[in-house]
Amino acid sequence: MSYQINEELLRFRPKMAQDKVIFNDFNLWYGEKHALIDINIAVKSNIVTAFMGPSGCGKSSLLRGINRMNDIIPVARSTGEVLIDGKNIMGSGINVYDLRKRVGMVFQRPNPFPMSIYDNIAYAPLLHDVAEEEELDKIVENSLRGAALWDEVKDRLDDSAFSLSGGQQQRLCIARALSINPDIILMDEPCSALDPIATIKIEALMRELKEKYTVVLVTHNLQQAARVSEMTAFMYIGEIIEFGATRDIFENPREELTEKYITGRFG
Amino acid sequence: MMKLESLIEKALFLSASFSALIVFLITFFLIREGVPALSLNFLTGLEWRPGQEFFGTLPTIIGTLWVVIGAVFIALLIGVPTAIYLSEFAPFWVRNIIKSSVEVIVGIPSVVIGFFGLMILVPFIRNTIGGRGESILAGWIVLAIMILPNLISLTEDSLRAVPKSYREASLALGATQWQTITKVIVPAASSGIRAAIVLGVGRAIGETMAVLMVIGNPETPWIPTSILDMTRTLTSTIAIEFSYAEWGSPHQHALFAIGVVLFLLVTALNFVATFVIRRNKN
Amino acid sequence: MNPVSREKIMKRLLLIAVALSLIILPVILIWVGYNGSGIISIEFLTSRPRLFEYGGIYPQIMGSVYLVSLCTLFGAPLGIASAIYLAEYAPDNRITQSVRFFTETLAGMPSIVIGLFGLEFLVFYLQLKTSLLAGAISLSFMMLPWTIRASEEAIKTVPQEYRAASLALGATKWQTIVNVVIPAAMPGILTGVLLGVGKAVGETAVVWLTAGSGLEAFVPRSLSSPTGSLPMYIYLLATQAHTVEGVQRAYGASLVLLIMFLGVSVSALMARNYYLRRLGN
Amino acid sequence: MRSRRRKKQTTYLFLGIGVIIGLLLAGPLRYNGVINDLRDQITSGGGDTIPTGDLTVAGSSTLLPITQECANLFMEKHPFTYISVAGGGSGHGIKSAGSGEVDIGQSSRNIKDSELLRYPDLVIFSIGKDSVAVIINSDNPLAGSLDLSLEELGEVFSGEITNWKDLGGEDHEIEVYTREEGSGTREVFTQYVLGDKNYVSTASVKPSNGEMRASVANNKYGIAYVSLGYVDEAVSAVLIDGVEATVENVQNGAYPITRILWMFTKGMPNNLESSFILFIQGPEGQKVVEELGYIPIY
């Protein structure tokens, strides 16, 4: 089995990039279940970092550690540190709502609100009072442009978000995440519910987004990780088995487990 | 911000507890007024003669059960097939028409249905079947009409909630549609149907005006032996006697005590319903 | 018998049951319409009752409107707030379970018991007298659990993904509920509230004991005025009229009440469709 | 701006609901205010002989039509009064008036000794009379000709005579209807006809005159007793000792079964209360009593 790794990605060296998110001895439990075990990695800024692994390995939980979305699960509890730009977001005195304003998130299935396209984007800026009414149109346009959706929807902003196709809906969700002007964008298997054409568009978008944002991608699709991410973490049953440049992971994995997974012998 | 959030949560909790508060108040006031009349004799006595201060409600309780059980049975006989038709066979537009027309029945004031029973149903029963017309049978029909709509829509909901894959699996095994319905879908929806029955029983026990107008309410109720017998229900006894009862008299206390019995019956049913629904979830 | 012919027979039996449940409504509607339409006139709808069984039913129509509006004013916000708590906040513990249990108990409470309670507690104990206020509050006790049930159901069917998306954008729980969950649940909530309104419009036993005699000649002048209502008027005339005139008025009032109920149902349907369209489903 | 539209729609919705509720509530309140203003003007300038003020009446639903109609007429005559009439039944009326919750109570049955003991301040007025007629179905072969003594009637209603055959009619069970315990009609019927006997236990209890009549009109073998005003061509009245139940026969004392309709106040009535009670007892009120099928007090 061979993977086609993007030319541009081959030039990437981890040392070239700055650390954006650092996990220090991060552990997470769901009730009795130890979901994440001693996570110690650093996500670099302005690249795409992929978390991959078989289902149930904890990759989504790890992603949700970055914007503390695990908090909304009543039985979840965690230890250790998660630093964003050097500041521990698990610490006391952190306003979780401000944190989430800095970290946009895109979910597995497109989940636009049952509102118009415009209102979907305007939702968060209005909520946080960041925008004057006049600026709102600008924010909507920029967010939609950022998600490469503007040209397709600019004449139908008042239509319901559900009138869009699945791929368009997912890009709308990306635009919505951009509307709060975050530093980091989390994507939780954003293409798993989409067809190949829509997937290609989203992947192209990810490559554009990393110019301005730090992108963290959860995927179970190895091809996708190889196509878009500079760095890849391979996880298995709550642990990081291997973390490094995507090229290294795919071409010379250090761990036997990684190799087995890459070559499709399990997972 | 967090403070506001927790304040809101507390306010919402208070709203939610309000219904509990009402139930407590109802219990308190019913018991306060009803307890003087509550005794073993009240529940097992056979004679109801308020003029002579005999307050035995056993025939009334049994009469209520007769009326309610029969009505629910008739409603099931008509309602479940209708629900099956709606969820399995009916084209979309037919379903819409039937559902909305059945739901309008809920809105017909019970007084109107009782009036209908008194003017049409009672003479019909007397002339074709016999007896006085005012009978348990008339009560069955009137009550069945009143609980039918809820029964149909709840049953239909639970039938529709059965996953499509069950149907496909059964049909793929060569079962006919009818076999699929009786062997797979109805059993799968049975807990929902059970809950609908319990709710129907509750509604039937509490129904007052319509039943009161057609079941005859004999002077001294007896334990019914035929469906053409007249009988009394708990609610009809309160409704017909309440307005003239002397305030503070044993008669008034006895009527409140009937209220207590009604309350207990309904609460017990609710226990059962909760139990049925909980078992459904597990 | 082979399965195919049995299937045919079964289907025929099914259709008989369907026909039976379908026939009830037209029979009653035609019966009421046939007997009641003769009396309906502008005069009947806009004047007040005279000499018990003559005159019109204007105060009764308005009385019903007042009672039901006030009852909705009390019942709906409380019901929706309770539903939000039960669906979004309530931890799965004893307290929540008992709150839910009591709500269900209230839903099953016979209306005559609620009427007795309204009379004891509101009319006598709180000294509200037989009045608009006492009637409306008692009615709202009846309506409350239905609103709670329907709204909770509606709120629970809002997909979890909406909440996750909103929270991930930095919205607080309450902001999420107000801006995303409630609008998405609106069709269900509206239907629930209007269902409760429909129940309240036709309720007799409760208003009998708490609101008024039914024969009132004026629209209520204040919250403490006795208030007539259509169901009570129908009950009085259906059972106590001396003459054909009176019975005819009972039918006429029944027709008006049915039309009011249909009006509420149709507006429920329209509101529901409007919201569904806006939500784009 | 698109952004505002969504918020505005919601705002309009709530505004609309608010306006509707406001209008509904404003109606009664505004009316109240106007009346009070007018009343203040009148009372400050006029004498104290004009009845003004609010009056509440509650009790028997038998008297309800009389009181309601008289209240309407009274209010037309005295525009600055407001009389609200509630039902609730005789027991409710006695309790409410006795405890001062309403100004005037009304009852279609006699006040019991125990009630007089509990509410010793009650001052009692009669506003009309009622008579009770026994009715059978018009298709009954005996219709129009049935003539019973009070004693025979007692045997019919207590179940000692159970077959029409025994009264000279068809061979069929007699189906008895009666009013509920506590009803004034029942009380007077019991007093004159049954004495100490119990009603036959298969007697069907009907909570109103109208239902009594409707039941007999629909039942060829039924027998019931109703207020005189409810006798019409749909049913046939039974002669008692040869006397027909008519207003004249009641007034001249030939027809035996009568009762009195009562009103009462707590303590001596004030100006407004006495004006209203006098109005009902006067010619206009008694005309209403008569029109509604009851018997005037004089």
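# A tour from the C–B interface to single helix pairs

Select chains C and B together: 70 residues of chain C are in contact with 73 residues of chain B. Keep in mind that this is a predicted model. The area buried between the two chains is about 6800 Å², and carbon and sulfur atoms give 82% of that area. Next pick out Leu14(C), Trp31(C) and Glu120(C), which together supply 9% of the area that chain C buries against chain B, more than any other three residues.

Stay on Glu120(C) and add Arg32(B). Their side chains meet in a salt bridge, 3.2 Å from N to O. The count of salt bridges between chain C and chain B is one, while eight residue pairs, both members at pLDDT 80 or more, are in polar contact between these chains. Now colour helix α1 of chain C, residues 3-36. With 18 residues, α1 gives the most to the side of chain C that touches chain B. Colouring that side by class shows 51 nonpolar, 12 polar and seven charged residues.

Hide chain C and look at chain B alone. The C-alpha trace of chain B spans about 70 × 70 × 30 Å along its principal axes. Its secondary structure comes to 12 helices and two strands. Following chain B from the N terminus, the elements run α-α-β-β-α-α-α-α-α-α-α-α-α-α.

Two helix pairs in chain B are the next stops. Two packed helices are described by the angle between their axes and the distance between the axes.

For the first pair, select residues 110-128 (α5) and 136-160 (α6) of chain B. The axes of α5(B) and α6(B) come within 10 Å and cross at roughly 145°, and the crossing is right-handed. Show side chains on the α5(B) half of the contact: Ser110(B), Ile113(B), Gly117(B), Leu121(B), Val122(B) and Ile125(B). Opposite, α6(B) brings Leu137(B), Ala138(B), Ile141(B), Val142(B), Ile145(B) and Met146(B). By class, this contact has 10 nonpolar, two polar and no charged residues.

For the second pair, move to residues 164-172 (α7) and 177-188 (α8) of chain B. Here too the axes come within 10 Å and cross at roughly 145°. The crossing of α7(B) and α8(B) is right-handed. From α7(B), display Tyr166(B), Arg167(B), Ser170(B) and Leu171(B). They meet Gln177(B), Thr180(B), Val184(B), Ile185(B) and Ala188(B) in α8(B). The residues of this contact divide into five nonpolar, three polar and one charged.

Finally, bring back all chains. A search of the whole structure finds 43 salt bridges over all chains. One of them to select is in chain A, where the side chains of Arg102(A) and Asp183(A) meet at 3.1 Å, N to O. Arg102(A) lies in helix α3 (residues 96-102) and Asp183(A) in the loop between α7 (166-178) and β8 (184-188) of chain A, so the pair ties together parts that are 81 residues apart in sequence.

Methods:
Residues are numbered from 1 along each chain as its sequence is written. Chains are lettered from A and ligands numbered from 1 in the order in which they are written. Side-chain values use heavy atoms; hydrogens and water are left out. Axes are lines fitted to C-alpha atoms, for helices over the stretch in contact, and angles run from 0 to 180 degrees between N-to-C directions. Helices (H or I, at least four residues) and strands (E, at least two) are DSSP runs, numbered from the N terminus. A crossing is left-handed if the near helix is turned anticlockwise from the far one by less than a right angle, and right-handed if clockwise. Contact means heavy atoms within 4.5 Å. Ala, Val, Leu, Ile, Met, Phe, Trp, Tyr, Cys and Pro count as nonpolar, Asp, Glu, Lys and Arg as charged, and the others, Gly among them, as polar. Buried area is the accessible area (1.4 Å probe) that two parts lose on being put together, summed over both. A salt bridge is a side-chain nitrogen of Lys or Arg within 4 Å of a carboxyl oxygen of Asp or Glu. A polar contact is a pair of N or O atoms within 3.5 Å; within protein, one must be able to donate a hydrogen and the other to accept it, and residues adjacent in sequence count only if both atoms are side-chain atoms.
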